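Please study the structure shown below before attempting the exercises. Each exercise is followed by a worked solution.

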Amino acid sequence: MPKRFRSIFRLVAPLMLLACASGAGPRPAPIGTSLAAPLVIAHRGASGHRPEHTLEGYALAVQMGADFIEPDLVSTKDGVLIARHENEIGGTTDVATKFSSRRTRKVIDGDTINGWFTEDFTLAELRTLRAKERLSFRSHAHDGQFLIPTFDDVLSLADSLGRRRGRAVGVYPETKHPTYFRGVGLPIEEPMLRALRARGLDRADAPVFIQSFESGNLRVLATQTRIRLIQLVSSAPQVTPTALRDIATYAYGVGANTRQIVGDDSSAVPTSLIADAHDAGLRVHAWTLRPEPLFLAKRYGGDPLAEVRELVRLGVDGLFGDYPDQIVTGLRK
Ligand code: G3P
Ligand code: CA
């Protein structure tokens with residue numbers, strides 16, 4: 001294919017994929033609780049290989065064998081949910097070159113941040129942007145090629161890929177800054193549930209997990225939907241046996257930092273988190289497996305598969321990773 005057509009194709013391919021989403025084909029069997037653990041969860045897509053939160057990154061993850069794709073959700077000015085890790089998008093898009101005058105300063109959940117914020121842009125404006133790689137030490141070969149997807153785009157993609165592959169492709173949305181967004185009149189939970197209900201996914205056995213670092217919105221969601229909820233935890237007080245029993249009153253599982261499970265590098269002694277969570281009736285999904293020296297614990301000696309093996313040995317139920325292909329390989333060995 002000539003180069004100029006290749007670049008056009010790259011831009012329209014996601015749209016062609018979406019156009020096929022409503023097409024015929026058998027509905028894949030839902031991922032029930034019977035799906036073999038541990039689940040492979042593509043963290044922000046195959047984000048080690050493609051710019052995070054792009055349809056191309058999610059599709060690659062499914063091709064690599066991921067069970068779930070993970071969109072983090074924030075809102076646009078006109079109330080549309082889009083997939084971005086945070087509402088400040090200067091680090092993951094070309095917004096600085098296209099809307100330089102719209103830079104501003106905000107306090108988000110206590111942090112003062114300078115940049116460009118999704119809630120200040122309409123979806124039409126955000127559709128003019130292209131994604132770029134966040135981390136300097138990862139490939140930038142795909143910068144400027146891919147659109148910012150809406151949550152509905154992600155659900156369409158998962159449905160389309162699931163039908164094509166004959167297996168359900170799970171979606172694992174995370175509500176980002178939910179209290180902040182509700183405070184500025186752009187709540188995340190209602191449009192998220194509407195989008196899931198519109199596709200018949202408001203079921204306990206739907207291939208969907210809803211996650212949040214906040215507990216307030218999960219406690220409310222537990223009264224509004226049967227979709228399984230995951231409480232993200234990042235501190236020791238959140239994972240005491242008592243705290244875990246409380247989480248079990250509204251959530252299906254916890255999403256824990258790997259270090260909370262395997263211990264830090266200085267001790268290298270696994271904690272009782274998985275056993276305590278299982279005793280409380282909770283599943284445990286670990287985040288985030290990344291092979292680069294900046295992230296991988298030193299005791300694995302540079303071998304990311306060793307991390308997979310240790311977490312599996314400890315009984316983890318799901319693994320979030322930027323390189324789902326590596327997790328799949330690690331699970332096979
Ligand atoms: O959602 C699990 C994990 O993704 C949490 O970390 O910051 O990448 O959303 P973050
Ligand atoms: Ca996340």
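The exercises below concern a predicted model.

**Exercise 1.** Identify which residues surround ligand 1, and sort them by class.

*Solution.* Step 1: list the shell. The residues around ligand 1 are His-43, Arg-44, Glu-70, Asp-72, His-85, Glu-174, Lys-176, Gln-211, Phe-213, Leu-232, Trp-287 and Phe-320.
Step 2: sort the shell. Five residues are charged, four are nonpolar and three are polar.

**Exercise 2.** Determine how the side chains of His-43, Glu-70 and Lys-176 are placed relative to the oxygen atoms of ligand 1.

*Solution.* Step 1: apply the cut-off. A pair of N or O atoms within 3.5 Å is a polar contact.
Step 2: read the distances. An N or O atom in the side chain of His-43 is 2.7 Å from an oxygen atom of ligand 1. For the side chain of Glu-70, the distance from such an atom to a ligand oxygen is 3.0 Å. Lys-176 has a polar side-chain atom 2.7 Å from an oxygen atom of ligand 1.
Step 3: consider the burial. Ligand 1 taken alone exposes 280 Å², and the protein buries 92% of that area. The space that ligand 1 takes is the second largest pocket.

**Exercise 3.** Describe the open sheet, and explain why one side of strand 4 and of strand 7 has no neighbour in it.

*Solution.* Step 1: write the order. The open sheet has 11 strands in the order 4-3-8-9-10-11-12-13-1-2-7, with mixed pairing.
Step 2: inspect the edges. Strand 4 (81-83) and strand 7 (170-171) stand there with a single partner strand each, so one side of each lacks a neighbour in the sheet.
Step 3: examine one pair. Strand 10 (residues 228-233) and strand 11 (residues 253-257) run parallel and are joined by four bridges. Val-233 has Ala-256 as its bridge partner in strand 11.

How values were computed:
Residues are numbered from 1 along each chain as its sequence is written. Chains are lettered from A and ligands numbered from 1 in the order in which they are written. This is a predicted model: local features need pLDDT of at least 70, side-chain atom pairs count only at pLDDT 80 or more; totals for chains, interfaces and linings use all residues. Side-chain values use heavy atoms; hydrogens and water are left out. A residue is near a molecule or strand if one of its heavy atoms lies within 4 Å of it. A polar contact is a pair of N or O atoms within 3.5 Å; within protein, one must be able to donate a hydrogen and the other to accept it, and residues adjacent in sequence count only if both atoms are side-chain atoms. Accessible areas come from the Shrake-Rupley method with a 1.4 Å probe; for residues, only the protein chains shown count as cover. On a 1 Å grid over the protein atoms alone, a cavity is a set of points where a 1.4 Å probe fits but cannot get out, and a pocket is an open set with protein on both sides within 12 Å along at least five of seven lines; lining residues have an atom within 4 Å of a point. A molecule sits in a cavity or pocket if more than half of its atoms lie within 2 Å of its grid points. Ala, Val, Leu, Ile, Met, Phe, Trp, Tyr, Cys and Pro count as nonpolar, Asp, Glu, Lys and Arg as charged, and the others, Gly among them, as polar. Two strands pair if DSSP finds at least two bridges between them. Helices (H or I, at least four residues) and strands (E, at least two) are DSSP runs, numbered from the N terminus.
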